[in-house]
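User: I have a new model on my screen and would like to walk through it with you. Could we take it one question at a time?

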Amino acid sequence: MILDGKCPTGPIQQTWDKHRFDLKLVNPANKRKYNIIVVGTGLAGGAAAASLGELGYNVQAFCYQDSPRRAHSIAAQGGINAAKNYPNDGDSIYRLFYDTIKGGDFRAREADVWRLAQVSNNIIDQCVAQGVPFARDYAGYLDNRSFGGAQVSRTFYARGQTGQQLLLGAYSALSRQIKLGTVKMFNRREMLDLVVVDGVAKGITCRNLITGELESYAADAVCLCTGGYVNVFYLSTNAMGCSVTANWKAHKKGAFFANPCYTQIHPTCIPQAGDYQSKLTLMSESLRNDGRCWVPKRKEDCGKHPNEVPEEDRDYYLERKYPSFGNLAPRDIASRAAKEQCDDGRGVGPGGRGVYLDFSTSIKRVGADTIKERYGNLFEMYEKITDEDGYKRPMRMYPAPHYSMGGLWVDYNLQSNIPGLFVLGEANFSVHGANRLGASALMQGLADGYFVIPYTIGGYLATVKPSGTNTDHVEFKKSIEDVNAYTNKLLNVNGKKTVSEFMRELGGLMWENCGMARTKESLETNLKKIPALREEFWKNVKVTGSGKEFNQDLENAGRTADFLEFAELMCRDAHHRNESCGGHFRVEYQDQGEAQRDDANYCYVGAWEYKGDNKTPELHKEPLKFDNVHLAVRSYK
Amino acid sequence: MQLLTSSIGRKIVMAITGQAMVLFAVIHLLGNSSIFGWLNGGINAYAEHLHSLPLPIIIGFRLALLALVCIHIWFGIQLTIENRGGRPRQYAVKSTQKATFASENMIWTGSLLGLFLVYHLLHFTFQVTSPETAALKNLVPLHDQMVPNVLGMVVAGFQNFFIAFIYAGAMVVLFLHLSHGIQSFFQTMGWSCDKSQPIIVKLGTLVALVLFLGYVTIPLTIFAGILKG
Amino acid sequence: MSDHHKTMTLTLIVWRQKGPNDPGKFETYTAKGITEHHSFLEMLDVVNEDLIKSGKEPICFDHDCREGICGMCSQVINGAPHGGQDRTTVCQLHMRKFKDGDTIYIEPWRARAFPIIKDLVVDRSALDTIVQAGAYVSCHTGGVPDGNAILIPKPAADESMDAAECVGCGACVAGCPNGAAMLFTGAKVSQFAVLPQGKPEAAARVKNLVDAMASCGFGNCTNHYECQVACPKGINVKFIARMNREFLKAQFV
């Protein structure tokens, strides 16, 4: 099937305004008759629930954490982009649009990206009005910093915790609506199924994580704002609870999964210290503004104390390879460059999987105090984890899975191929193409939640009759039965291996064979090994406790079971895409180390349709057209 | 009235009444120090001066002090009971770092001070505990009139080890109570910030120390025989 | 890096409680093969893996981001919320702070306002209730002025940011002998009180938040300042003073 993104046509500058006008409206008095479910309360979900509640819809919001404020958007450190051009350095909506398309390696839709760039400015205004304490200069104006993949300073930030501050802004707006009664909040609930009635999304089935009870919720539309899936690598910068589960359940109910092979590996994370490790910690990309990446030129020097390696024996590989962007090269490029150095045997630290990020030049230039003011909390964090002082010796960094550009397929209205199912933020695939630029995730989450869904969902709801919140329909009952049976199946395997052991094994396979560099052979290995591992899981996993109680082992088991299915799709997607683009690097397709796209054959969104357990999924394509930014080889040299 | 019902409101009332009593304690100490003879006629003259004030002022002043004490005690007990319920079960290991013996035992130091206050009033104001040395019954000449012999009463009292010990001990308790209470006043009123707070803590302790030393000097010097009648 | 292969064995005395109405009790476990690079939660992961393998129920504890920002993790270690290391959440606490053979007590947050759900997991929805009572600027989505139309002096922006660093973990409540939420609430009140956007609602906000604190069952402040010690983000008690000030001011407007 050729998919239609329903993008508006005409001059790109007018697409969103024209589309907004063309969308049908719901009469204010009728809005309260409609019910909307929002799953996930990160930037996208929190902003969406608050904005939809404020418009007058009845919103039910769900999160698996104990409070909506804890969604993993909170961990974003660096900042949020907007085309304000406050520094007068040549930025514009068009430039942000252009940078994002190019940064995404020409695998995103132009119209979606334009809209994102256009509303980016509203986001900053909105957050300021909410009381988000963005950094200011001494005159009281908003401050900006530069970020990877851009040559202008367009990133707004709040110390090293922009994500937290923006999320708290959305959470405060959400809290206000909860108080007003327009949003009903359900904490500690995990969505375990999407309820589809006559081909239309009508509700969800959740597990109450405190009591273990399965609960049904019905609505006229369901918004999934459930984040990304890079925990499929087991070790990633995502929170422990981040999973593909909600998306995967929707996928199994018919929603297409687009571009799952596009995963972002963040270049600056603290290297792994041992096998017991449960997660990797990211250090903001902003560190690359003042830090210089290097490894020793000679393998013999790798064991030395970094300060004993003389200047002339250091290889500042990013500055050498990409003179114009230097240490600010985009994430995929910086990550691969780090891997190359380590593969070349010049990596540092345990197992030789690390590169240095050195601040000594900047400390000499601007002083340690300025560096401390800019990144103090990051240096503190680094020291807590590694017991090393980043001011005195270069930090050790290594790339780690961080973000998924792929996600459920949506059209321009953020609606999936299932009517009534909307997907927002990282959970959808729409704007980042094959690679996301720094400080753009926060922008997308809030854009979708505050400024896109409030319009586009109205366009859908105006065409359907309100159906109430009654969950008596047979599909709800069937969903509960299915989930219940699935849960019992998990609990009754009663094998020998723990859930973590399976997850670690799967993560190892994914990182090794479908990570920063992929080959046809490595992917084929995974396509054999993953089904085998999945089979073993269902024969030999050990899950303790029962389904009728607070049971974290069961939660993890469910998430792992979904990852075991999803991982195969991810490898399949990576296997079919015979090109390298952005975060998807196929070793066979490169030109002197640089990713080689194949626009003639792969300039499309690959969206997969679920065909049943252990059946080959079907690929649908949405061709990508570039009318404004011309397809070109991405160069940061 | 959020001031009388809310947690912060009642604490503000506690702070203000407490601080008013600290002021009283300062003035009381200045008056008492006349026992060291800086006032012509010593403490007897000071006492006579207070008693010669118009009756409504004396009664009004005493009632006001009584009200301060009662409000302070009432809210103190109320808040403490509420706070004890705030953490229903204590931790197996106690590891408080900033809380002090004084801050954790305000209710007990306060209770002891309340008891001491009763005794002190019975002893020196109503003069019922040691009737043989009561000042009102033993008049002495001062200038050209006969006045109660307060000096004699005080000296006779503090020459007794137990009485001197009770007074000195009570002043230790007062020091503890005020070392937390004075700085707490500024925090509760919102008159402190991160820079001033450590200074306020030190100054509060200093004031409490000065009051302690000032008050305790009287029974100690008398008991040691340095100050005689 | 030098002690990479050295391992520790520790004795854990952990609070186990099946549900809100179970009396609960301490159980003793042994953590073996722990290196100094394990985080505290990774050490518990190791213990839980052993428990699962021997068919026992693992220890339940809240955790999520494991990088010190989501505020989900919540354990009192040897009497100190988050383990007592300066500006550190449990998930960022590393085992290099402990010695081979140490005995470690692990308990949940204990406060009337935080009922225990299971083992080390408590219900902190009272903190959400406080926020819902008014810890926000009541602006609408859209229809707001340009970000630079509201100039905010850097000191005010910094002060607001200092307060906004709160991750809402509830350690201040756990550390307070009275189970009070004054530091949390003070930080919320202050974050908005110092900003021009927050001023119009400042009086109503502080009044509503203070009432919400009481109705949620939090205790009162007795100025022990244990909350500041417990706070993994170093929120200063000056924000409690500011809330008191705002409260007093609000009584006269």
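User: Happy to start with the domains of chain A. How many residues of domain 1 of chain A are in contact with domain 2 of chain A?

Analyst: Please keep in mind that this is a predicted model. The domain assignment of chain A gives domain 1 as 266-400 and domain 2 as 485-623, and their C-alpha centres lie 30 Å apart. On the domain 2 side, six residues take part in the contact. On the domain 1 side, the number is six.

User: Which helix gives the largest share of the side of domain 1 of chain A that touches domain 2 of chain A?

Analyst: By class, that side of domain 1 of chain A divides into one nonpolar, one polar and four charged residues. Five residues of this side come from a single helix, spanning residues 331-346 of chain A. The helix with the largest share is H9.

User: Thanks! Let's move to chain C: how far apart are the C-alpha centres of its domain 1 and domain 2?

Analyst: Chain C is divided into domain 1, residues 8-118, and domain 2, residues 124-250. In the contact between them, 17 residues of domain 1 meet 19 residues of domain 2. The domain 1 side consists of eight nonpolar, six polar and three charged residues. As for the C-alpha centres of the two domains of chain C, they lie apart by 29 Å.

User: And what share of the residues of chain C count as buried?

Analyst: Chain C has eight helices and seven strands, and its C-alpha trace spans about 60 × 45 × 35 Å along the principal axes. Among contacts in chain C with a separation of 6 or more, 71% join residues 24 or more positions apart. Of the 253 residues of chain C, the share that counts as buried is 64%.

User: Which helix supplies the largest share of the side of chain C that touches chain B?

Analyst: The contact takes 41 residues from chain C and 36 residues from chain B. Elements of chain C that each supply at least two residues to its side include strand E5 (103-107), helix H6 (202-215) and helix H7 (226-230). By class, this side of chain C has 18 nonpolar, 14 polar and nine charged residues. The largest share, eight residues, comes from H8(C).

User: Chain C also touches chain A. Which helix of chain A gives the most to that contact?

Analyst: Here 65 residues come from chain A and 65 residues from chain C. Several helices of chain A each supply at least two residues, among them H3 (43-55), H5 (110-130) and H16 (552-576). The chain A side divides into 25 nonpolar, 25 polar and 15 charged residues. With nine residues, the helix that gives the most is H6(A).

User: One last residue: is A:Val410 buried or exposed?

Analyst: A:Val410 lies in the loop between strand E16 (407-408) and strand E17 (421-423) of chain A. Leaving aside neighbours within four places in sequence, A:Val410 is in contact with A:Gln415, A:Ser416, A:Val423, A:Asn428 and A:Ser430. A residue needs 20 or more other C-beta atoms within 10 Å to count as buried. Because A:Val410 has 29 C-beta neighbours inside 10 Å, the residue counts as buried.

User: How far is the C-alpha atom of A:Val410 from that of A:Leu421?

Analyst: A:Leu421 falls in strand E17 (421-423), one of the two strands that flank the loop holding A:Val410. Along the chain, A:Val410 and A:Leu421 are 11 residues apart. Their C-alpha atoms are separated by 9.0 Å.

Methods. Residues are numbered from 1 along each chain as its sequence is written. Chains are lettered from A and ligands numbered from 1 in the order in which they are written. This is a predicted model: local features need pLDDT of at least 70, side-chain atom pairs count only at pLDDT 80 or more; totals for chains, interfaces and linings use all residues. Two residues are in contact if their C-beta atoms, placed from the backbone, lie within 7 Å. Helices (H or I, at least four residues) and strands (E, at least two) are DSSP runs, numbered from the N terminus. Ala, Val, Leu, Ile, Met, Phe, Trp, Tyr, Cys and Pro count as nonpolar, Asp, Glu, Lys and Arg as charged, and the others, Gly among them, as polar. A residue is buried if 20 or more other C-beta atoms lie within 10 Å of its own, exposed if 12 or fewer, and partly exposed in between; C-beta atoms are placed from the backbone. Domain bounds come from an automatic or database domain assignment.
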